[in-house]
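User: I have a model open and I'd like to learn how to read it feature by feature. Can you walk me through it?

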Amino acid sequence: MFGSLRVRNYRLYASGQVVSLVGLWMQRVAQDWLVLELSDGSPVALGIAAALQFAPTLLLSLWAGVLADRMDKRKLLLVLETGLGLCALTLGLLDVTGVAQLWHVYVLCLLLGAVSAVETPVRQSFVVEMVGRDQLTNAVALNSMTFNLARMVGPAVAGGLIIVVGTGWVFLLNAISFLGVLLGLLLMNPRELHRGEPVPREKGQLREGLRYVRKRADLVILLCLVFFISTFGLNFYVTLAVLARNTFGGDASAYGLLSTMLAVGTLAGATLAAKRSANGKPRLRLLIIGALAFGVLEIVAGVLPTMWLTGVALIPLGIAMMTFTTTANATVQLAVSPAMRGRVMGLYMLVFLGGNPVGGPVMGWLAEHFTGRAPLVVGGAVSILAALVGGFVLARRGGLKLPTHRLGLRRRARV
């Protein structure tokens, strides 16, 4: 279950991520709450902030994938993580000095999104360099455990801190937390990384990556499935804040509670994924079951009458969400040639996050013109439909093809 932690470089990486991700989730809660305070509780304003934060993904993630294939990923991550910390520091200073305005938050959401759009594909494709192909599925699952452990702790801590000291100090604590991941990257031994041959700088490399995916119908279908579920189903950064404040009449601690309940489920789902990783490669059946269960449980969470019942429903919802996302991530990374992994992961993160500039405002509009429950119900329905269509088409085509040749260009295995 914890096989990847035997690798020293990965232990350093995971340790730094635990610290940094707790700070990240604290900032997410504080940022959402600050937007609601500055906008008099507008769900549309919250959706706009989310759209600005994810919009750069549309422009930069593919280019980031090219950089990941060309450059030293560890050194690149050092620069990018520093940039993320500076964004948090700036927002914190504006807030604690009492000069923060809504447009300040919007600008910093855009800057944060620009750095994250480059950082995420680089970080995702760096995992296999730390642990190798044999431990990749396990490392992806452990990354999800780390992410969701922080997701469980961070919002709860942030909810209390916002009430006691305000949102500004939460942003400053997040800025400090980036020292953990920077230290982990600096202490790594580069000679122990599983690096492939660097891709030389040439014209048309981005188009080459797109052509590679276009010729793989199985990958295209999987990416479409990820796009629809992520865009319309995974909008909890909008829906939970609106539910807590506008539907249930709670404060920041109520938002933190709902976020923590979801995180309990996602941590459990990531733990189960880590256990399953010992059994071999990810499976199509598990991918589709996870997507279907996620859609059904999201609708259930959207129609329950009280905050506590909704919170309880978020636990199995989180398990289903992580079953789908960890399986999809590991499958894509294992299904591509090492020389293309950075570019394909750039495209993967584009479809995984790039729909949020559309989904965020749409969900905010639904919450404002109908009820705070509407985004969950609509998102669940879209997820069910996407899972049924995607599963049917993939099954008809014989499943997903995972390369068994070292370069992923000759023999392929189906799952």
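Analyst: Let's go from the overall fold to single residues. Keep in mind that this is a predicted model.

User: Okay, start broad. How many helices and strands does the protein have?

Analyst: A count of secondary-structure elements is a handy starting point. Here it comes to 16 helices and two strands.

User: And what share of the residues is buried?

Analyst: For that, look at relative accessible area, where under 20% is buried. Of the 415 residues, 59% fall in that class. As for the outside, the protein exposes about 16700 Å², with carbon and sulfur atoms supplying 67% of that area.

User: How do I read the contacts along the sequence?

Analyst: Check how far apart the partners sit in the chain. Among contacts with a separation of 6 or more, 86% join residues 24 or more positions apart. One pair to look at is glycine 295 and valine 377: they are 82 residues apart in sequence, yet their C-alpha atoms are 8.6 Å apart.

User: What does glycine 295 touch, leaving out residues up to four places away in sequence?

Analyst: Gly380, Ser383 and Ile384. Glycine 295 itself is in helix H12, residues 284–303, and counts as buried because its relative accessible area is 0%.

User: Got another pair like that?

Analyst: Sure, try asparagine 356 and phenylalanine 227. They are 129 residues apart in sequence, with a C-alpha to C-alpha distance of 9.5 Å. Asparagine 356 is found in helix H15, which covers 356–369, and its relative accessible area of 2% makes it buried.

User: Now asparagine 174: is it buried or exposed?

Analyst: Buried, since its relative accessibility is 2%. Asparagine 174 is in helix H7, residues 167–187. Neighbours within four places aside, its contacts are Ser20, Gly23, Leu24, Gln27 and Ala88.

User: Where does the side chain of threonine 120 find a polar partner?

Analyst: With a buried polar side chain, I'd check the backbone too. The backbone oxygen of serine 116 is 2.9 Å from a polar atom of the threonine 120 side chain. Threonine 120 lies in helix H5, residues 102–131, and is buried because its relative accessible area is 9%.

User: On to cysteines. How many disulfides are there?

Analyst: The general idea: a disulfide is a covalent bond between the sulfur atoms of two cysteines. In this model the count is zero. Take cysteine 87: it is in no disulfide, and the nearest cysteine sulfur, in cysteine 109, is 9.8 Å away.

User: Why is there no bond from cysteine 109 to cysteine 87?

Analyst: Because the sulfur of cysteine 109 is 9.8 Å from that of cysteine 87, its closest cysteine sulfur, which is too far for a bond. The cut-off is 2.5 Å. Cysteine 87 is buried at 11% relative accessible area, and cysteine 109 is buried at 1%.

User: Last one: which residues make the nonpolar surface patch?

Analyst: Here you look for nonpolar side chains that sit together on the surface. The patch, about 760 Å², is made by Leu86, Leu89, Leu93, Val96, Ile163, Val164, Val165 and Trp169. Helices H4 (73–96) and H6 (136–165) each supply at least two of its residues, and H4 gives the largest share, with four.

User: How exposed is leucine 89, in relative accessible area?

Analyst: Its value is 34%, so leucine 89 is classed as partly exposed. You'll find leucine 89 in helix H4.

How values were computed. Residues numbered from 1 in each chain as written. Predicted model: local features only at pLDDT ≥ 70, side-chain atom pairs only at ≥ 80, totals over all residues. Heavy atoms only, no water. Buried < 20%, exposed > 50% of the residue type's maximum accessible area, 1.4 Å probe, protein only. Polar contact = N/O pair within 3.5 Å; in protein donor to acceptor, adjacent residues only side chain to side chain. Contact = heavy atoms within 4.5 Å. Areas by Shrake-Rupley, 256 points an atom, 1.4 Å probe, with all protein chains shown as cover. Patch = residues over 30% accessible without salt bridge, like charges linked within 9 Å, V, L, I, M, F, W, Y side chains within 5 Å. Salt bridge = Lys/Arg side-chain N within 4 Å of Asp/Glu carboxyl O.
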